[in-house]
Amino acid sequence: MVFENPLILGAIGAGLAVGIAGLGSGIGAGITGASGAGVVAEDPNKFGTAIVFQALPQTQGLYGFLVAILILFVFTSAPAWAMLAAGIGTGLAGLSAIGQGIASAAGLGAVAEDDSIFGKAMVFSVLPETQAIYGLLVAILLLVGVFSGPGVQEIAALGAGLAVGFAGLSGIGQGITAAGAIGATARDPDAMGKGLVLAVMPETFAIFGLLIAILIMLGIMF
Amino acid sequence: MRPARMNKIRAVILDEKMDSVIRNLHESGLVELYDMSAKLESPEWRAFLAPATSAEYTRQIATLMIKIGRIIDLFKSVKEEEKTSIKELLNPQPPKKKKMSFSSAEEAISYAEKVLSDVDREVSEPSAKLTKLENRKNELNLLKEQVKYLQDFDVDLKCLGVGEFVYIVSGLISKDKLSELEKSLDDVTDGYCEIVKGNVVVSENEEKVPVIIAVLKEYMDNVGAELRKLGFERFEISNVEGTPKELLSKINQELNNITSEIENITSQLRKLAEKWEEELLAVYEVLEIEKERGDAYSLCGRTERTYVLEAWVPQKYAEKAKEIIENAADGYAFVEIAEPDEPEEKIPVLLDNPKPIKPFEILTEMFAPPKYNEVDPTLLIVPGFLMFYGIMLTDAVYGFLLTLVGLFLWKKMGKVSEGAYNLGYILTLAGIATVIAGLVTGGYLGDFLYQFLGFDVYKSGLALVNPLGESAYISEANPLFKMGNITVNNGPMAILIFSIVVGILHLFIGLLVGFLENIKRGNKKDAILNQGLWLFLILAIVVGVAIGNLTIIGAAVVLVILVCMAKGFMNGGIMDALLGAMDITGFLGNVLSYARLLALCLATGGLAMAVNIMAKLLWDSVPAVGIILAILMLLLGHTFNFVMNGLGSFIHSLRLHYVEFFGQFYEGGGKKFTPFKAKREFTTP
């Protein structure tokens, strides 16, 4: 079989982790950056603020990078499929950066109008990162061999990565909701609580993904 | 745990004592004046109370403020770019306060008028001169611009304009229209026209030619019309003489003179600014304060000889405020302290926490201040916020740096900015929490000690857990504990379990607060369905895990789902019942959300490790300059990691509170208490 050499799956995993997550971060940071350029053109003093908001969607790329390094580290000890799964999970979940970029762009826009909303905008903008964090979480759990259910050594591990990865795309939806909620909060600061409830809804699917991933890793099949 | 209790003060005050009452209340800053104007619209109040108006003198004050503001602006405009020294930047000092106290607004106004006239006497002349010079400068610059185009012509500019027989005009014409111009002018003047052309110049992205046109005076009007048609840009040059070159040098000469004169006057003004600015800022502030007092009257009601004033006051200051009013009115006042007579949402909210907790109020207020009868969650936030922050950043060195940053903000910047004071205080504590977490997990710039010194903190037993693997205390050979097919035998697993346990505990506290709140308000049903249910589930999980019997947990879960479905069914039929069944995933989501503690803890350590590895690679593989590159890599990489994860930890710690924790019991949305208080930056009473 092609996959007899575990290094192949590991290498592909590392590549996908950095590649897909980097793609997401690139798009997300691009969206925020476009908004930032507009804001800075209006008021050059807002450069620092723009940078801070643009930094948010970049974390996904960092997580991808981190998992890739980890994969390179555990080449010899981790199960081959777990390495691939970790890469795919982190990578796909890293696409949540697109949603985070949308939310950050809205947050930056709101802060450009009214400085006092900085903290609130920040909280909203960081919501879509949860998906990426779940991806990172599952990746690390796979790589350090914490859960050793019967399937984790084999192709079943891929299921865990796919679950958390694809469910992590809910981050895009969450980003869109968060962007809307930032707008609402900018108009009425009291809307923050309710806005948070709405913006957290899309996270449910990421939690489903995380849950299924954990069940797969535990080897629990009903 | 609750916002400060409020009282309403009602006072009837003899009109001649009103001024003194308002002044004393304003200085004390204890109360928030209540705007009675809405109330006074209703007929029953109207019957014996009329709305009062702002004091007479406020208009006078506004005029004075505009005048003084203008001089302050002038002083600011002549000021040299202030070079703040690094020392000042690191240790900013609040402005010096001037002592200024007046017993009445009239006194303050006459003082301000005196200062204004003193300043005006010295400033008006140079400032008028400055304006004149600047106008002349602009005029000359405009002229210079135009004359420059005529540089190559050897004519006396004195001739320009309407003479006895000829009319001479100069200006720019686009190069493409030049031949058209020549032709049409030739036509309208019957050939009595002379056009002198200069060299092509580029102006506003177009090639243009400067020309001087001389025609017989009688054709002047026709020529003017023709020129306008062709888009001729006429130069406004008049009352000058000499060739353009001569004129240019004259203009430059005059400009030089003006510049040096402007500089003279500016430095003169700068000296005046030094002498007067502090005084003016102080006077301006006094006027602002007096204006606020004058405007305060308009919030009250009045009869022929008395004013009626209402104000919110925190309960603990109520007696004191009453005393202040009575003393200020020499006894010609009737004051009553009453319980709030308004619906809850109209009562202003003042958070009332002990000093060590107070700075954390900004975290509560960032979400929304509580309603008047709601819990103030500030105290509840503190331990969780610091602990989560520490766990997510987990690095002793980063924690130390953060403490330094926090101390700097708190002790230095905090002197001039309240926001910096609060943030600095929070960051200092968060930094200490991070140091503790870093000691427990053995994070010192990630695995720096191991990479560069070969010292393994985990094997030597100096750190309790290794977030990325095994340690002397938790390892395959030495598992923490075993349950079912989950074995806790390494760091990540231990931190994960810890995170989930902390999360459940955190949620439990939030649920319990919500439960008690609902019971207190008499909403027993809400208490049981919204919080009791989950409290029961958590207790079942704890008991189930403790005695190792998972069926208890299963049974509890089924029971909770059934109750949720029943609750949904009662609210709106089958669909809602199905949705109700999903409530359990919401709860699960809340619990799992705390797993981010592990993920972010690993992210900091992992990225620090990646930086170290790359630096090590540079060190080992690049000859000679490798060491420098490695040091640069370490500096930049760790700074980046510190900033990114420091920020991330802050927001994620907040998020856990705002979304997961507050979701169980807190709504917020109160109106903040804004005291009627003299804002003093440059003065003391």
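Is Phe569(B) buried, partly exposed or exposed? In this predicted model, Phe569(B) is partly exposed, with a relative accessible area of 47%. The legends below begin with this residue.

**View 1. Phe569(B) and its surroundings in helix α17 of chain B.** Phe569(B) belongs to helix α17, which covers residues 550-581 of chain B. When residues up to four places away in sequence are not counted, Phe569(B) touches Ile574(B), Asp576(B) and Ala577(B). The C-alpha atom of Phe569(B) is separated by 8.0 Å from that of Gly580(B), a residue eleven places further apart along the chain. The residue counts as partly exposed because its relative accessible area is 47%.

**View 2. Helix α18 of chain B, a mostly covered element.** Helix α18 comprises residues 583-593 of chain B, and eight of its eleven residues are buried. Among the buried residues are Ile584(B), Phe587(B), Val591(B) and Leu592(B). Thr585(B), Gly589(B), Asn590(B) and Ser593(B) are also buried.

**View 3. The contact between chain A and chain B.** Chain A contributes 42 residues to the contact, and chain B contributes 40 residues. About 3500 Å² of area is buried between chain A and chain B, and carbon and sulfur atoms give 82% of this area. One salt bridge is found across the interface of the two chains. This salt bridge joins the side chains of Glu203(A) and Arg655(B), with an N to O distance of 2.7 Å. Four residue pairs in polar contact, with both residues at pLDDT 80 or more, are also found across the interface of chain A and chain B. On the side of chain A that touches chain B, the elements giving two or more residues are α2 (47-55), α3 (59-73), α6 (118-126), α7 (129-143), α10 (192-200) and α11 (203-218). The residues on this side of chain A divide into 32 nonpolar, five polar and five charged.

**View 4. Annotated spans of chain A.** An unreviewed UniProt entry lists residues 12-71, 84-142 and 158-216 of chain A under "domain: V-ATPase proteolipid subunit C-like". Residues 12-71 of chain A are 88% helix and 0% strand, and the end C-alpha atoms of this span are 10 Å apart. For residues 84-142 of chain A, the content is 86% helix and 0% strand, and the end C-alpha atoms lie 10 Å apart.

**View 5. Thr185(A), a buried residue of chain A.** Thr185(A) lies in helix α9, residues 170-187 of chain A. Its relative accessible area is 1%, and therefore Thr185(A) counts as buried. Leaving aside neighbours within four places in sequence, Thr185(A) is in contact with Ile117(A), Lys120(A), Phe124(A), Ala191(A) and Met192(A).

**View 6. Two loop residues of chain B with positive phi.** Asp330(B) has a positive phi of about 55° although it is not a glycine. Asp330(B) is located in the loop between α9 (315-328) and β13 (333-338) of chain B, and the residue is exposed, with a relative accessible area of 55%. Leu445(B), likewise not a glycine, has a positive phi of about 50°. The loop that holds Leu445(B) runs between α13 (418-441) and α14 (448-453) of chain B.

**View 7. Salt bridges within the chains.** Over all chains, the structure holds 42 salt bridges. In chain A, Lys46(A) pairs with Asp43(A), and the closest N and O atoms are 3.3 Å apart. Lys46(A) counts as buried at 11% relative accessibility, whereas Asp43(A) counts as partly exposed at 25%. In chain B, the side chains of Glu517(B) and Arg521(B) form a salt bridge at 3.3 Å, N to O. Glu517(B) is buried, with a relative accessible area of 9%, and Arg521(B) is partly exposed, with a value of 47%.

**View 8. A salt bridge in helix α19 of chain B, and a network.** Lys616(B) and Asp620(B) meet through their side chains in a salt bridge of 3.6 Å, N to O. Both residues lie in helix α19 (residues 596-621) of chain B, four residues apart, about one turn of the helix. Lys616(B) is partly exposed, with a relative accessible area of 24%, while Asp620(B) is exposed, with a relative accessible area of 54%. Elsewhere, salt bridges that share partners join Lys8(B), Arg10(B), Lys39(B), Glu310(B), Glu336(B), Asp341(B) and Glu342(B) into one network.

Terms used:
Residues are numbered from 1 along each chain as its sequence is written. Chains are lettered from A and ligands numbered from 1 in the order in which they are written. This is a predicted model: local features need pLDDT of at least 70, side-chain atom pairs count only at pLDDT 80 or more; totals for chains, interfaces and linings use all residues. Side-chain values use heavy atoms; hydrogens and water are left out. Buried means under 20% relative accessible area, exposed over 50%, partly exposed in between (1.4 Å probe, protein chains only). Contact means heavy atoms within 4.5 Å. Buried area is the accessible area (1.4 Å probe) that two parts lose on being put together, summed over both. A salt bridge is a side-chain nitrogen of Lys or Arg within 4 Å of a carboxyl oxygen of Asp or Glu. A polar contact is a pair of N or O atoms within 3.5 Å; within protein, one must be able to donate a hydrogen and the other to accept it, and residues adjacent in sequence count only if both atoms are side-chain atoms. Ala, Val, Leu, Ile, Met, Phe, Trp, Tyr, Cys and Pro count as nonpolar, Asp, Glu, Lys and Arg as charged, and the others, Gly among them, as polar. UniProt positions are given in the numbering used here, feature names are shortened, and annotations may be inferred rather than shown by experiment.
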